[in-house]
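Work through the exercises below with the model open. Try each task before reading its solution.

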Amino acid sequence: MLNFNPRPSMAERINTLVDAALIAEREATPPRTYLGASRLGHACERALQFEFAGAPKDEGADFSGQTLRIFAIGHQLEDLAIRWLRAAGIDLVTQKRDGGQFGFSVAGGRIRGHVDGIIASAPAALGMRVPALWECKTMNAKNWRACVKDGVTISKPVYAAQIAIYQAYMEPSVPKISTAPALFTAINKDTAELHHELVPFDADLAQRMSDRAVRILQATDAGELLPRIAANRDFFECRFCAHAERCWEVSGVSGNAPVERFSRERAEP
(Lines give C-alpha, C1' and ligand atoms only; values in the text may rest on other atoms or scores of the structure.)
Protein backbone atom coordinates (compact mmCIF):
# COMPACT_ATOMS: atom_id res chain seq x y z
CA MET A 1 0.00 0.00 0.00
CA LEU A 2 1.28 3.45 -0.89
CA ASN A 3 1.97 5.81 1.96
CA PHE A 4 0.32 9.11 1.10
CA ASN A 5 1.30 10.73 4.39
CA PRO A 6 5.08 10.40 4.57
CA ARG A 7 6.64 11.72 7.75
CA PRO A 8 9.46 14.25 7.41
CA SER A 9 12.88 12.70 7.87
CA MET A 10 15.01 13.41 10.93
CA ALA A 11 17.25 15.68 8.82
CA GLU A 12 14.26 17.67 7.58
CA ARG A 13 12.85 18.08 11.09
CA ILE A 14 16.16 19.21 12.59
CA ASN A 15 16.87 21.58 9.69
CA THR A 16 13.43 23.11 10.05
CA LEU A 17 14.15 23.86 13.70
CA VAL A 18 17.63 25.22 12.93
CA ASP A 19 16.36 27.50 10.19
CA ALA A 20 13.45 28.71 12.32
CA ALA A 21 15.91 29.62 15.09
CA LEU A 22 18.16 31.52 12.67
CA ILE A 23 15.24 33.42 11.16
CA ALA A 24 13.91 34.30 14.63
CA GLU A 25 17.36 35.52 15.63
CA ARG A 26 17.57 37.72 12.56
CA GLU A 27 14.06 39.12 13.07
CA ALA A 28 15.01 40.07 16.64
CA THR A 29 18.01 42.04 15.39
CA PRO A 30 17.27 45.79 15.23
CA PRO A 31 17.11 46.98 11.60
CA ARG A 32 19.75 49.28 10.20
CA THR A 33 18.95 52.94 10.46
CA TYR A 34 21.74 54.01 8.15
CA LEU A 35 22.98 53.54 4.60
CA GLY A 36 25.67 50.88 4.65
CA ALA A 37 28.77 51.71 2.62
CA SER A 38 29.15 48.06 1.65
CA ARG A 39 25.99 48.35 -0.47
CA LEU A 40 26.66 51.63 -2.27
CA GLY A 41 28.05 49.90 -5.36
CA HIS A 42 24.73 48.18 -6.03
CA ALA A 43 23.55 48.91 -9.56
CA CYS A 44 20.12 50.38 -8.68
CA GLU A 45 19.77 53.53 -6.60
CA ARG A 46 16.06 52.95 -6.06
CA ALA A 47 16.80 49.55 -4.53
CA LEU A 48 19.30 51.19 -2.19
CA GLN A 49 16.70 53.79 -1.29
CA PHE A 50 14.19 51.09 -0.38
CA GLU A 51 16.83 49.42 1.80
CA PHE A 52 17.78 52.66 3.54
CA ALA A 53 14.18 53.59 4.27
CA GLY A 54 13.44 50.14 5.69
CA ALA A 55 10.79 49.24 3.13
CA PRO A 56 9.37 45.78 3.82
CA LYS A 57 10.61 43.18 1.37
CA ASP A 58 8.26 41.43 -1.04
CA GLU A 59 6.50 38.36 0.31
CA GLY A 60 8.90 35.42 0.28
CA ALA A 61 11.89 37.61 -0.61
CA ASP A 62 13.52 37.71 2.81
CA PHE A 63 16.55 35.58 3.61
CA SER A 64 15.84 31.90 4.10
CA GLY A 65 17.42 29.84 6.84
CA GLN A 66 19.78 28.29 4.31
CA THR A 67 20.95 31.74 3.16
CA LEU A 68 21.56 32.75 6.76
CA ARG A 69 23.64 29.60 7.22
CA ILE A 70 25.69 30.56 4.16
CA PHE A 71 26.30 34.01 5.66
CA ALA A 72 27.38 32.46 8.97
CA ILE A 73 29.84 30.13 7.25
CA GLY A 74 31.30 33.11 5.41
CA HIS A 75 31.93 34.91 8.70
CA GLN A 76 33.69 31.87 10.10
CA LEU A 77 35.89 31.59 7.02
CA GLU A 78 36.85 35.26 7.36
CA ASP A 79 37.94 34.56 10.95
CA LEU A 80 40.12 31.74 9.64
CA ALA A 81 41.62 34.04 7.01
CA ILE A 82 42.59 36.49 9.75
CA ARG A 83 44.38 33.72 11.62
CA TRP A 84 46.14 32.49 8.48
CA LEU A 85 47.39 35.95 7.49
CA ARG A 86 48.66 36.61 10.98
CA ALA A 87 50.46 33.28 10.94
CA ALA A 88 52.10 34.41 7.68
CA GLY A 89 53.60 37.39 9.45
CA ILE A 90 51.05 40.06 8.51
CA ASP A 91 50.13 42.34 11.40
CA LEU A 92 46.40 42.51 10.81
CA VAL A 93 44.40 44.58 13.28
CA THR A 94 40.67 43.88 13.36
CA GLN A 95 39.58 45.57 16.58
CA LYS A 96 40.21 48.87 18.30
CA ARG A 97 41.57 48.96 21.82
CA ASP A 98 38.05 49.16 23.22
CA GLY A 99 37.12 46.01 21.32
CA GLY A 100 35.02 47.76 18.70
CA GLN A 101 35.30 47.32 14.97
CA PHE A 102 37.13 49.86 12.82
CA GLY A 103 34.79 51.96 10.75
CA PHE A 104 33.41 55.39 10.01
CA SER A 105 30.22 57.37 10.41
CA VAL A 106 29.35 60.50 8.43
CA ALA A 107 26.28 62.59 7.60
CA GLY A 108 25.11 62.51 11.20
CA GLY A 109 25.49 58.74 11.37
CA ARG A 110 23.29 58.14 8.34
CA ILE A 111 26.16 56.72 6.28
CA ARG A 112 28.36 54.17 7.97
CA GLY A 113 30.84 51.46 7.23
CA HIS A 114 32.77 48.82 9.15
CA VAL A 115 36.02 47.49 7.74
CA ASP A 116 37.32 43.95 8.08
CA GLY A 117 40.76 45.04 9.17
CA ILE A 118 43.79 47.26 8.84
CA ILE A 119 47.25 45.98 8.01
CA ALA A 120 49.79 47.67 10.28
CA SER A 121 52.87 45.86 8.95
CA ALA A 122 53.78 43.05 6.58
CA PRO A 123 56.88 41.00 5.70
CA ALA A 124 59.35 43.06 3.65
CA ALA A 125 59.28 40.44 0.90
CA LEU A 126 55.68 41.42 0.09
CA GLY A 127 56.63 45.02 -0.64
CA MET A 128 53.34 46.29 0.83
CA ARG A 129 52.78 49.86 1.92
CA VAL A 130 51.06 50.36 5.25
CA PRO A 131 48.73 51.15 6.86
CA ALA A 132 46.49 49.38 4.35
CA LEU A 133 42.84 48.45 4.30
CA TRP A 134 42.04 44.73 4.35
CA GLU A 135 38.77 43.41 2.99
CA CYS A 136 37.80 39.76 2.79
CA LYS A 137 34.98 38.03 0.90
CA THR A 138 33.95 34.42 0.49
CA MET A 139 32.72 33.16 -2.88
CA ASN A 140 31.64 30.01 -4.64
CA ALA A 141 34.09 28.49 -7.11
CA LYS A 142 32.58 30.18 -10.19
CA ASN A 143 32.73 33.70 -8.74
CA TRP A 144 36.14 33.08 -7.22
CA ARG A 145 37.60 32.03 -10.58
CA ALA A 146 36.14 35.15 -12.21
CA CYS A 147 37.72 37.29 -9.50
CA VAL A 148 41.10 35.65 -10.04
CA LYS A 149 40.83 36.04 -13.81
CA ASP A 150 39.54 39.63 -14.06
CA GLY A 151 40.28 41.15 -10.67
CA VAL A 152 37.82 42.47 -8.12
CA THR A 153 37.22 45.80 -9.86
CA ILE A 154 35.80 44.13 -12.98
CA SER A 155 34.30 40.94 -11.57
CA LYS A 156 32.83 42.42 -8.38
CA PRO A 157 32.20 46.17 -8.81
CA VAL A 158 30.15 46.32 -5.59
CA TYR A 159 33.21 45.17 -3.63
CA ALA A 160 35.45 47.60 -5.50
CA ALA A 161 33.11 50.48 -4.60
CA GLN A 162 33.12 49.35 -0.98
CA ILE A 163 36.92 49.32 -0.88
CA ALA A 164 37.21 52.77 -2.47
CA ILE A 165 34.77 54.49 -0.12
CA TYR A 166 36.30 52.77 2.91
CA GLN A 167 39.74 54.03 1.92
CA ALA A 168 38.37 57.54 1.51
CA TYR A 169 36.34 57.77 4.71
CA MET A 170 38.89 55.96 6.91
CA GLU A 171 41.58 58.51 6.05
CA PRO A 172 40.77 60.90 8.95
CA SER A 173 41.10 58.13 11.57
CA VAL A 174 43.90 56.17 9.86
CA PRO A 175 46.11 58.74 8.09
CA LYS A 176 47.65 57.63 4.76
CA ILE A 177 45.41 54.56 4.46
CA SER A 178 44.20 55.87 1.10
CA THR A 179 47.75 56.21 -0.24
CA ALA A 180 48.44 52.47 0.18
CA PRO A 181 46.68 49.90 -2.00
CA ALA A 182 44.13 47.85 -0.08
CA LEU A 183 44.63 44.10 0.24
CA PHE A 184 41.59 42.20 -0.98
CA THR A 185 41.30 38.53 0.00
CA ALA A 186 38.82 36.16 -1.64
CA ILE A 187 38.19 32.69 -0.23
CA ASN A 188 36.88 29.91 -2.45
CA LYS A 189 34.23 28.28 -0.28
CA ASP A 190 34.31 25.12 -2.38
CA THR A 191 38.07 24.48 -2.37
CA ALA A 192 39.57 26.74 0.36
CA GLU A 193 41.77 28.37 -2.28
CA LEU A 194 42.85 31.92 -1.47
CA HIS A 195 43.17 34.86 -3.81
CA HIS A 196 44.86 38.10 -2.77
CA GLU A 197 45.22 41.28 -4.78
CA LEU A 198 46.27 44.85 -4.15
CA VAL A 199 43.63 47.46 -5.00
CA PRO A 200 44.90 51.04 -5.46
CA PHE A 201 42.67 53.82 -4.19
CA ASP A 202 40.20 54.98 -6.83
CA ALA A 203 39.33 58.53 -5.81
CA ASP A 204 36.84 59.01 -8.66
CA LEU A 205 34.94 55.88 -7.69
CA ALA A 206 34.90 56.93 -4.04
CA GLN A 207 33.52 60.34 -4.99
CA ARG A 208 30.79 58.81 -7.17
CA MET A 209 29.73 56.52 -4.35
CA SER A 210 29.76 59.39 -1.85
CA ASP A 211 27.63 61.49 -4.21
CA ARG A 212 25.26 58.56 -4.64
CA ALA A 213 24.85 58.21 -0.88
CA VAL A 214 24.02 61.91 -0.53
CA ARG A 215 21.56 61.66 -3.41
CA ILE A 216 19.76 58.76 -1.69
CA LEU A 217 19.53 60.62 1.60
CA GLN A 218 18.27 63.82 0.01
CA ALA A 219 15.68 62.07 -2.16
CA THR A 220 14.33 60.04 0.75
CA ASP A 221 14.11 63.11 2.98
CA ALA A 222 12.23 64.94 0.23
CA GLY A 223 9.81 62.04 -0.33
CA GLU A 224 11.07 61.53 -3.86
CA LEU A 225 11.59 58.13 -5.42
CA LEU A 226 14.81 57.78 -7.40
CA PRO A 227 14.78 56.29 -10.91
CA ARG A 228 14.98 52.52 -11.16
CA ILE A 229 17.82 50.97 -13.12
CA ALA A 230 15.69 49.54 -15.92
CA ALA A 231 12.62 50.23 -18.01
CA ASN A 232 11.65 46.56 -18.12
CA ARG A 233 10.82 44.33 -15.19
CA ASP A 234 12.58 41.40 -16.86
CA PHE A 235 15.93 43.13 -16.42
CA PHE A 236 18.41 40.86 -14.63
CA GLU A 237 18.83 43.02 -11.51
CA CYS A 238 15.07 43.47 -11.17
CA ARG A 239 14.35 39.74 -11.26
CA PHE A 240 16.42 39.24 -8.12
CA CYS A 241 15.40 42.39 -6.24
CA ALA A 242 13.66 41.93 -2.89
CA HIS A 243 11.54 45.03 -3.55
CA ALA A 244 10.54 44.32 -7.16
CA GLU A 245 6.79 44.12 -6.50
CA ARG A 246 6.79 47.43 -4.60
CA CYS A 247 8.99 49.10 -7.19
CA TRP A 248 6.97 48.11 -10.24
CA GLU A 249 3.68 49.20 -8.69
CA VAL A 250 4.74 52.64 -9.87
CA SER A 251 4.01 53.19 -13.55
CA GLY A 252 6.70 55.82 -14.13
CA VAL A 253 10.33 56.03 -13.13
CA SER A 254 9.70 58.41 -10.23
CA GLY A 255 7.02 59.45 -7.80
CA ASN A 256 6.55 60.03 -4.10
CA ALA A 257 3.66 57.75 -3.10
CA PRO A 258 5.77 54.62 -2.57
CA VAL A 259 8.23 56.56 -0.40
CA GLU A 260 5.41 57.80 1.79
CA ARG A 261 3.94 54.30 1.95
CA PHE A 262 7.07 52.45 2.96
CA SER A 263 8.04 55.16 5.44
CA ARG A 264 4.63 54.78 7.09
CA GLU A 265 4.91 50.99 7.15
CA ARG A 266 8.35 51.20 8.71
CA ALA A 267 6.97 53.23 11.61
CA GLU A 268 4.34 50.64 12.44
CA PRO A 269 5.12 48.28 15.37
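The exercises go from the overall fold to the cores, a helix pair and the salt bridges.

**Exercise 1. Overall layout**

Task: State how many helices and strands the chain has, and what share of its residues is buried.

Solution. Note the source: this is a predicted model. Start with secondary structure: 10 helices and eight strands. Next, take burial: of the 269 residues, 38% are buried. Then take the extent: a box of roughly 65 × 60 × 40 Å along the principal axes holds the C-alpha atoms. Finish with contact range. Among contacts between residues at least 6 apart in sequence, 68% join residues at least 24 apart.

**Exercise 2. The nonpolar cores**

Task: Find the residues with the most contacts inside the largest nonpolar core, and the elements that give two or more residues to this core.

Solution. The largest core has 36 residues. Val115, Ile118, Leu133, Tyr166, Met170 and Phe184 have the most contacts inside it. Now map the core onto the fold. The helices that give two or more residues are H2 (45-53), H4 (141-150), H6 (157-170) and H7 (203-221). Strands S6 (132-139) and S7 (182-188) do so too. A second core is separate and has 14 residues, including Ala81, Leu85, Trp134 and Ile187.

Take Tyr166 as a worked case. Set aside its neighbours within four places in sequence. Tyrosine 166 then contacts Ala37, Ser38, Phe104, Gly113, His114, Val115, Leu133 and Glu135. Val115 and Leu133 also appear among the core residues with the most contacts.

**Exercise 3. Two helices crossing**

Task: Classify the packing of H1 and H3 as roughly parallel, roughly perpendicular, roughly antiparallel or oblique.

Solution. Helix H1 covers residues 10-27, and helix H3 covers residues 65-87. Their axes come within 8 Å and cross at roughly 75 degrees. Angles of 65 to 115 degrees count as roughly perpendicular. H1 and H3 are therefore roughly perpendicular to each other.

Now list the contact. H1 brings Val18, Asp19, Leu22, Ile23 and Arg26. H3 brings Gly65, Gln66, Leu68 and Arg69. By class, that gives four nonpolar, two polar and three charged residues.

**Exercise 4. Salt bridges and exposure**

Task: For the partners of arginine 110, lysine 149 and glutamate 245, give the N to O distance. Then decide whether each residue is exposed or partly exposed.

Solution. The structure holds eight salt bridges. Three are worked here.

- Arginine 110 pairs with aspartate 221 at 2.8 Å, N to O. The two are 111 residues apart: arginine 110 lies in the loop between strand S3 (103-106) and strand S4 (111-114), aspartate 221 in helix H7. Arginine 110 is partly exposed at 27% relative accessible area, whereas aspartate 221 is exposed at 54%.
- Lysine 149 pairs with aspartate 150, with the closest N and O atoms 3.2 Å apart. Lysine 149 is exposed at 67%. Aspartate 150 is partly exposed at 35%.
- Glutamate 245 pairs with arginine 233, with the closest N and O atoms 2.4 Å apart. Glutamate 245 sits in helix H9 (residues 244-247), arginine 233 in the loop between H7 and helix H8 (236-239), 12 residues apart. Both count as partly exposed: glutamate 245 at 46%, arginine 233 at 33%.

One last step: look for shared partners. Glu45, Arg212 and Arg215 are joined into one network this way.

Definitions and conventions: Residues numbered from 1 in each chain as written. Predicted model: local features only at pLDDT ≥ 70, side-chain atom pairs only at ≥ 80, totals over all residues. Heavy atoms only, no water. Core = buried A, V, L, I, M, F, W, Y, C linked by side-chain atoms within 4.5 Å. Buried < 20%, exposed > 50% of the residue type's maximum accessible area, 1.4 Å probe, protein only. Helix = DSSP H or I, 4+ residues; strand = E, 2+ residues; numbered from the N terminus. Contact = heavy atoms within 4.5 Å. Axes fitted to C-alpha atoms, helices over the stretch in contact; angles between N-to-C directions. Parallel < 35°, antiparallel > 145°, perpendicular 65-115°, else oblique. Nonpolar A, V, L, I, M, F, W, Y, C, P; charged D, E, K, R; others polar. Salt bridge = Lys/Arg side-chain N within 4 Å of Asp/Glu carboxyl O.
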